[in-house]
Structures are given as C-alpha cells and as structure tokens.
Amino acid sequence: MEFSITAISILLLLTQGIATQAAIFDVTKYGAKADGKSDISQALMSAWQGACASTTPSSTVLIPRGTYLLTAVNIVGPCRAPVGIQVQGTLLAPADPAQVKADAWITFEHIDQFTLFGNGILDGQGAIAWAHNDCSNNANCGPIPMNLRFNFVTNSVVRDITSKDSKNFHVNLLGCNNVAFQHFTISAPETSLNTDGIHIGRSTGVNITDTNIMTGDDCVSIGDGSQQIHVERVTCGPGHGISVGSLGKYKGESPVVGVTVRNCTLTNTQNGVRVKSWPASPAPGTASDMHFEDIIMNNVGNPVLIDQEYCPWNQCNLKNPSLVQISRVSFKKIRGTTSTKLAVKLVCSSSNPCQNVEVGDIDLTYTGKEGGGATSQCANIKPILSGDQNPATCVNSAQSS
C-alpha cells in the first residue's frame, strides 16, 4: 500500500509538471528567431492558437528575451480558459508604415480574461511615420498604424509592458469592459505626431493606475461612450495632458459618464486636465460626472481647461456653438506651476452652458516671462467656487454669464 501511495504521488507530480509545461507556449518552439530580422507573425499566431484552445487556466504565450521582428497580427478569441501573453523580449514593428497592412500593429479582439504582461518592449519604430504624417492638413491622409488595439476585450489586464515609439496612437480601446492598465509605460518623443498614449472609446470600467506616459499627444484621451473611467497615480509628460474629448464632431456619439482623474502628476505638457468639444456639432451630446482631483502641475500650459470651442487647424465654424452639454464637473486640489498666464480657462457653449461645475483649492503660479501673475477666463458658466482660488476664478461676472 505504501508503495502504491508513493507511486501515485510521483505520478501526480509528473502530471502537474506536464500540465505546467503544456500551459506555456514558447514562440521559439514554433520557429520564432530572436535575430530582429525574421518575422515571427506565424510563430506567434501558432502559439496563440495553442494557448487559446487550451483548457488549462492561464495558458501563456511566451516571447522570451531577445529581439524579434513582428509585421502585424490580429489575435482573436474567444478562448476556452483565461489566457495570457508574456513578453520578455523586444518586439520590433516594421519601420516603414506601408509594411503594416492594417490600422494597428497588434490587435486583440473578442477575448475575455486576458493578460498582457512582462517587462518587454513593443517598439513601433515610428520615426518614419511621424516625418510623413500630414493628417493635420490633409483630410485624405493615408492610414497610419497604432501599436495596440483592443476591440471588445473584457475582464483583462495589461501590466509592466512598455509601448515605445508608436507610429500613431499607442493604445486604442473600443467596446471594452473591465480592463486595467497597471505599471504600464508609454514612451515617445514630444515631437511624435498624433501618438496619444491610451485612447478610450465606447468602453466601460477602464482603470489606468501607476502608469508613466511620455508622448507627443494626449497622455490619456477619453472619447464618446466612455463610462466609469478611472485614472490614478499616472505621470504624464511630455504630451498634451489628460483629456475628455474631443467630443461633438460626429453624429451618433454616445454620452460620456463617470470619469475620475486623481493623484496624477503632469510635467511640461501643453495642457493639463481638460474637457474639449467641437463647435458646430452635428448632433447633441452629453458629458457628465467628471472629476479631476489632487493633481500636480509642473510647468504645464492651460492647467485647468474646459474648451467648447476646440477647433484645431480651423476645421470648423466657430459661429455655431457646440451642442455638447457638460455637467457635474469638479476641479479640486490642483496645484503647481503654469507655463501660460491663462491657468484656468472655462469656456462653455453659448447654446448649452456648463452646469454644476465646481472649482476648489486651486493654487497655480505662473513662471513664464510675461509680466503679472496667472489669470482665468470664463464664458457661459457660473461655477461653484470653494477653498482657495489662485488665480481668482471667473471674477468677471459678465464673462461668467
């Protein structure tokens, strides 16, 4: 009997070892070479198919240390059990954007309980794309691929990964639910065009925490249909700040409801925390329950901003006011330095004035070369003021009407 128990114990240990090995799908076992030249797309997809079909919980595709070339992949579920991809090495996108035959370099779709993790780097090699990006003045500009796209991904986590030098947005979420970014790093130079860090659209329950974003556009941009978005302990800069919007440019936009940005630090950014909508909206829209609190600004332009006359490159008619109704907004405990004299700008729509906007405990010091201190500008808003106000907010009642 003792021998039988021992034999069974050994058999169980061996079975567990086999199961553990079976749960790891190493791309090098499928032909991937860490030479930085050989495309590993097919090896990665083969490994993914094995992990996705596995019934072993937390089956993982492993990309070991080394440098790998990856042209483009579309990683699709659903899978039979929770699944992950662990990136230990560096993935290189083709430097020429024309070689990526999609709007995203790496796309994840229709996956539940997915984890993207590891200390690896996803290098979009975006310099060539930035140099030829003329979308600011060319409505027919060609598509430029982003690093990561998440479509209809649920109950998932991205942690410890670095997205580097994306050609376009670093991350785009569409139709996602309950997705967390933790200890995520985004890195691109200030001169990289249209490289939003994390863009969220029509998604619910997105949490971004303990994340460092350095890029050439918005660090976090929150589009229409976003609900219950939480951004905390994020450092941003360089970049264009943390933004809700722009909203109101297209028909059929869904409401934005429930945005919290808290305990973040912005350094050398063009803007701070802002809500922006286009004038001449084609249809009404709403954005509500948005709260920005405990934010440190270091040499930030326009630190506190509602701009319902957002019109880059003169692409709209300022004579027609925005139809986006902004309500239940708070800016509290925002402190530091501003690189522009206009530290607080609350310019709302003349046809849909902002409602229930609270501004409290603002302490922003102007450090630029112009004379005088920081100022504020208000239009079509009567904010609820509390605590300290430096600069004084909406002191001109005519502006606040």
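This is a short tour of a predicted model, going from the whole chain to one residue in its core.

**Start with the whole chain.** Select everything and show the C-alpha trace. Aligned to the principal axes, the C-alpha atoms fill a box of roughly 90 × 50 × 40 Å. The radius of gyration is 24 Å, which agrees with the value near 21 Å for a compact globule of 401 residues.

**Switch to a cartoon.** Colour by secondary structure, and you will find 3 helices and 30 strands. Then look at how the chain meets itself: of the contacts with a separation of 6 or more, 77% are between residues 24 or more positions apart.

**Turn on the surface.** The chain has about 17,200 Å² of accessible surface, and carbon and sulfur atoms account for 51% of that area. Now colour the charges: there are 26 positive and 30 negative ones, and their mean positions lie 3 Å apart.

**Go inside.** Hide the surface again; 51% of the 401 residues count as buried. Which residues touch the most other members of the largest nonpolar core? Select F108, F150, F181 and F331, which hold that place among the core's 91 residues. Next, select residues 41-53: this is helix α2, which gives the most to this core, with 7 residues.

**Finish at F331.** Centre the view on F331 and show what surrounds its side of the chain. Setting aside neighbours within four places in sequence, the contacts of F331 include V273 and F292, the run V304, L305 and I306, and also L346. Add V357, E358, V359, G360 and I362 to the selection, since F331 is in contact with these too.

Conventions:
Residues are numbered from 1 along each chain as its sequence is written. This is a predicted model: local features need pLDDT of at least 70, side-chain atom pairs count only at pLDDT 80 or more; totals for chains, interfaces and linings use all residues. Side-chain values use heavy atoms; hydrogens and water are left out. A nonpolar core is a set of buried Ala, Val, Leu, Ile, Met, Phe, Trp, Tyr and Cys residues joined through side-chain atoms within 4.5 Å. Buried means under 20% relative accessible area, exposed over 50%, partly exposed in between (1.4 Å probe, protein chains only). Helices (H or I, at least four residues) and strands (E, at least two) are DSSP runs, numbered from the N terminus. Contact means heavy atoms within 4.5 Å. The radius of gyration is taken over C-alpha atoms; the globule rule is 2.2 Å times the number of residues to the power 0.38. Accessible areas come from the Shrake-Rupley method with a 1.4 Å probe; for residues, only the protein chains shown count as cover. Lys and Arg count as positive and Asp and Glu as negative; His and the chain ends are not counted. The place of a charge is taken as NZ of Lys, CZ of Arg, CG of Asp or CD of Glu.
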